[in-house]
Amino acid sequence: MRRARDPFFWGLFSAGGMLTALLLPALFLVAAITAPMGWFGMTGYEEWVALASHPVTRGGLLVVAFLAFFHAAHRFRYTLYDGLQLYHLDALISIVTYGVAAALTVLAAALLILVV
Amino acid sequence: MPDTVKLEVFRYRPEGEGEPLYETFEVPYRDEWMVLDALNQIKDHQDGTLSYRWACRMGVCGSCGMTVNGEPVLTCATYLEPFLPGPIRVEPLHGFPVIRDLVGDLEDFVGKLQRVKPWIIREEERSPSEGEYLQTPEEMDAYKRYSMCINCMLCYAACPIYELEPGFIGPAAIALAQRYNLDSRDEGARERHEVLAEHEGVWSCTFVGECSIVCPKDVDPAGAIQRYKVDATLDFFRSLVTPGRSP
Ligand code: SF4
């Protein structure tokens, strides 16, 4: 079981790190700068909502959120585990960190389905 | 330039005072001297009981690794000059039990090295009459960097995880496992996987990267570990979608 756990969570961690490093600056650039400035023909809020509510965009955003949360959870788990040397609490730390990531992913899914 | 420089040398004599202490020696200063030359001056002219390892004096044997002013270095390749005006603190490599003075215990490291089977494994050996195993320059490039390791253990001394989790198989052992895994003549990757895929194999590593910074041979053990993690992870997810395949 432990043999499967390590590559599984490390896979989410590394995929999440790579994806967020690539996508977040781009998302930020578009959402916070080019769109509000009206560059490249993007104008207002409505266009954004239309774009975000497309099923493909929703699915993509959910994947990004899922991987980003698990990336953060894994990093935080090792910060507690190695950084604070809480080896005896590894099981508890794992359940809490990955559990929070899972809960946030569900929340993100709910927001994407209900709000957008 | 000063005429002399002071060295604060870690001393541990189990049969003597029993407690480690620092002893200060004043040695002549020479521009071209390495830290090891200063230790040899002490050994030859001041205190013949000072114990430390060294052999080749040219950065190849890997035996003179020590901690100089807090950094793990090969003392035969480290000038005195950047540490002026001194004093220069010389200690054994961190993370290893000390046997005497600057001599650390290598047993743990050697045991770990053997566990990853750092030799070419063949399912069937060819007989010499069948000729040599040919290899292209590209095939050699795939592992050459990892083959430069001189087992100096500076990477272990620099690794915070090795200090915290003594079971961690460690940077050089993983780099050497990869040296053989990536060799086109080798067929032992499965056997090494048994050891590397443990939690105390590659997964203890959190990619601090200090090992690759201190390595005097530019082996890049951190890169070797990351690469193994990527391959093991891809294998694992592939085995999920392809039933019957073991990770
Ligand atoms: S990987 Fe580098 S630092 Fe580590 S033992 Fe080999 S040569 Fe020394």
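Let's start at a charged residue that is tucked away: B:Arg11 has a relative accessibility of 0%, so B:Arg11 counts as buried. Keep in mind that this is a predicted model. What does B:Arg11 pair with in a salt bridge? The partner is B:Glu23, and the closest N and O atoms of the two are 2.9 Å apart. Along the chain the two sit 12 residues from each other, with B:Arg11 in strand 1 (residues 4-11) of chain B and B:Glu23 in strand 2 (residues 21-28) of chain B, so this pair links distant parts of the chain. B:Glu23 isn't hidden to that degree: its relative accessibility is 23%, and that makes B:Glu23 partly exposed.

B:Glu23 also has another arginine to deal with. The side chain of B:Arg13 meets that of B:Glu23 in a salt bridge, at 3.8 Å from N to O. Because B:Arg13 lies in the loop between strand 1 and strand 2 of chain B while B:Glu23 is in strand 2 of chain B, this pair ties together parts that are 10 residues apart in sequence. B:Arg13 counts as buried, at 17% relative accessibility, which is under the 20% cut-off. Step back a little and you'll see a network of salt bridges that links B:Arg11, B:Arg13, B:Glu23, B:Asp47 and B:Asp101.

Now move along chain B to helix 2 (residues 107-115). Which residues are buried here? They are B:Phe109, B:Lys112 and B:Leu113. These residues cover an arc of only 105 degrees around the axis, which is why they end up on the same side of helix 2 of chain B. Look at the other side of helix 2 of chain B and you'll find B:Glu107 and B:Gln114, both exposed. As for what covers the buried residues of helix 2 of chain B, the cover includes helix 4 (154-158), helix 5 (160-164) and helix 6 (171-181) of chain B. Once helix 2 of chain B is done, B:Lys117 follows, and its phi is positive, near 50 degrees.

Over in chain A, there's a salt bridge worth finding on your screen. The side chains of A:Asp90 and A:Arg5 meet at 3.5 Å, N to O. This pair reaches across the chain: A:Asp90 belongs to helix 4 (residues 90-114) of chain A and A:Arg5 to helix 1 of chain A, and the two are 85 residues apart. Is A:Asp90 buried or exposed? With 9% relative accessibility, A:Asp90 counts as buried. A:Arg5, in turn, is partly exposed, with a relative accessible area of 22%. Over all chains, the count comes to 18 salt bridges.

That leaves the place where the chains meet. Here 14 residues of chain A are in contact with 18 residues of chain B. The size of an interface is often given as the accessible area lost when the parts come together. Between chain A and chain B, the buried area is about 1,400 Å², and carbon and sulfur atoms give 61% of that area. How many salt bridges are there between chain A and chain B? The count is zero. Polar contact across the interface comes down to one residue pair, with both residues at pLDDT 80 or more.

On the side of chain A that touches chain B, helix 1 (2-37) and helix 3 (55-83) of chain A are the elements that give two or more residues. The largest share, eight residues, comes from helix 1 of chain A. Sorted by class, this side of chain A has seven nonpolar, two polar and five charged residues.

Key: Residues are numbered from 1 along each chain as its sequence is written. Chains are lettered from A and ligands numbered from 1 in the order in which they are written. This is a predicted model: local features need pLDDT of at least 70, side-chain atom pairs count only at pLDDT 80 or more; totals for chains, interfaces and linings use all residues. Side-chain values use heavy atoms; hydrogens and water are left out. Buried means under 20% relative accessible area, exposed over 50%, partly exposed in between (1.4 Å probe, protein chains only). Helices (H or I, at least four residues) and strands (E, at least two) are DSSP runs, numbered from the N terminus. The arc is that of the directions from the helix axis to the C-beta atoms. Contact means heavy atoms within 4.5 Å. Buried area is the accessible area (1.4 Å probe) that two parts lose on being put together, summed over both. A salt bridge is a side-chain nitrogen of Lys or Arg within 4 Å of a carboxyl oxygen of Asp or Glu. A polar contact is a pair of N or O atoms within 3.5 Å; within protein, one must be able to donate a hydrogen and the other to accept it, and residues adjacent in sequence count only if both atoms are side-chain atoms. Ala, Val, Leu, Ile, Met, Phe, Trp, Tyr, Cys and Pro count as nonpolar, Asp, Glu, Lys and Arg as charged, and the others, Gly among them, as polar.
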